[in-house]
Amino acid sequence: MENKLSEEKLAVFCATALGSNGSVSALKRLSGGASMESWAFAYAGEEFVLRRLPAGISPDDEGLRGISLATQADVIDLAVQSGVTAPTVRARLSPEDDLGEGFVMDKADGETLPHKILGNPEFAEAESKLTDQCAAELWNIHNMDPGILADRLEYYSPLELIALQKDKYDEIGGAIPIYEYAFYWLKQNAPDSTDSRTKKLVHGDFRMGNLMIAPSGLSAVLDWELARLGDPVQDLAYLCTPSWRFGHYKKVAGGFDSADSFLAAYAQHSGENVDPDRFRFWLIYSTVWWGVACLVMGEIWRSHGDRSLERTVIGRRVSEVEIDLALLFEEVLPENICTSLDWKIPEAQDTKGETSYGELLTALGEWNMETVQPDLKGHDRFQSRVAGNALGIAQRQASLGSAFKAEADARLEAIGFDHGQLCAALSEGSITADHPGLWDHLRRSALERLSIDQPKYAGLAVALNKWKP
């Protein structure tokens, strides 16, 4: 199936499924959608959204591990019945429709793109309500009775979840020292899985970007493919994952408020205070989870499951997580380890002689931005911006990569390990953060890699400010 949608086939489906005649109009693929496609369209005077699997992705893809689209539709039905603000599912695709696997739901009014919401005066009223509204929606989700859906929703204990992520990471060939440290820490700090409170229905992907926000407030909870049975605190921590703050790094809860305010609002709705150690565990787990998900995106491209450019760029976001983990662990590590660092983002060097590879990539990026991108619209424009990001990463790697590698090798020699040995030692816990030179190496490596992959990532500025001499 091509990565396109037939208006004619969709119109035939709607005539049968929705019980009215008409034509499809305003068909548009919505931006993003690395793991699921969303198409907006109008039919018979109403607006809808079609959710379906992207071309080249199997419903059983190990990298996604989401519930089937049929189960997603059932979960959304249950959510609506339980008072969750979710769009009503109107129809489900079948193989005979020749449109792929998916379902059609009502289109909610509002905006999902965080950069258009957070800090935007037009959404000031909505942003002021998000803390309470998100807490209320999550409590409604966690208070749902899964009923007949229970046998279709997975449950894994915290230790099983850690093992699943570590196995996936190892299978891909992950070798990032601070990830190894995080996996070991998670195993040592996993909460008790016998607690009955850890087996509720959870959304699994509750964050800005998956919430429809109107100027007056939250209008829909979207993207239910990761719903399962689990610990409600995982949902709370997931919203606070650093990558889901969308540039507003110090506003831990989704980029719109503090964690304390958000957890207090949830406690008010649920009647129970959130244990801070349990919250920290799930915050670090969710951060690692996103890092592994980035690796998976790159692996899907590498294995020809889906050759979209977006997957490769997301695959380079693993270095964002390195900075995030370093900052999170410094909240619990001894102060004498978390010393200052004399480091800054390198300035561009003047080049003489023949044209360098970095200059070629810079020129290509400028051409894409100045000549190609202005004439594009919708998803094509989004893809052009992704291409620009990819070219920027390659340009900075060409300019800085060799020098950074030499510096990293020198630090490893001083510590007494090569890269592979260090990863193995951290994974088994035979070396700890207070080993001479280790924590400095992990932080400097994160700074170097992120300054290549995404120097505008908000966590980089936060880290540089925290670690400045």
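## Strands that pair

Two strands count as paired if DSSP finds at least two bridges between them. Keep that rule in mind as we walk through this model, which is predicted.

A good place to start is the hairpin formed by β2 and β3, which has two residues between its strands. In the turn, A44 has a positive phi of about 50 degrees. The two strands run antiparallel and are joined by seven bridges. To find one spot on this ladder, look for S38, which stands opposite R51 in β3.

## The whole sheet

Now let us step back to the sheet itself. It is open, has five strands in the order β1-β2-β3-β5-β4, and its pairing is antiparallel. Why do β1 (24-29) and β4 (89-92) each have one side left without a neighbour in the sheet? Both stand at the edges with a single partner strand, so no strand of the sheet lies on that side. On average, neighbouring strands here are turned by 25 degrees against each other, direction ignored.

At one edge, β1 runs antiparallel to β2, and four bridges join them. Here S25 stands opposite A42 in β2. At the other edge, β4 pairs with β5 (residues 102-106) in the antiparallel sense over three bridges. R92 has F103 in β5 as its bridge partner.

## A covered strand and a helix across the sheet

Strand β2 (residues 37-43) deserves a second look. How many of its residues are buried? The count is seven of seven, so to speak a strand that is mostly covered.

In a regular strand, side chains alternate between the two faces of the sheet. You can follow this in β2: E37, W39, F41 and Y43 point one way, while S38, A40 and A42 point the other way. All of these residues are buried, whichever way they point.

Helix α2 (residues 69-81) lies across β3 (46-52), β4 and β5. Relative to β4, α2 runs at about 160 degrees.

## Two helices that cross

Further along the chain, we meet another pair of elements. The axes of helix α15 (residues 438-453) and helix α16 (residues 458-467) come within 11 Å and cross at roughly 145 degrees. The crossing of α15 past α16 is left-handed.

Which residues meet in this contact? From α15 come R443, L447, L450 and S451, and from α16 come L460, A463, L464 and W467. Sorted by kind, the contact residues are six nonpolar, one polar and one charged.

Terms used
Residues are numbered from 1 along each chain as its sequence is written. This is a predicted model: local features need pLDDT of at least 70, side-chain atom pairs count only at pLDDT 80 or more; totals for chains, interfaces and linings use all residues. Side-chain values use heavy atoms; hydrogens and water are left out. Axes are lines fitted to C-alpha atoms, for helices over the stretch in contact, and angles run from 0 to 180 degrees between N-to-C directions. A crossing is left-handed if the near helix is turned anticlockwise from the far one by less than a right angle, and right-handed if clockwise. Contact means heavy atoms within 4.5 Å. Ala, Val, Leu, Ile, Met, Phe, Trp, Tyr, Cys and Pro count as nonpolar, Asp, Glu, Lys and Arg as charged, and the others, Gly among them, as polar. Buried means under 20% relative accessible area, exposed over 50%, partly exposed in between (1.4 Å probe, protein chains only).
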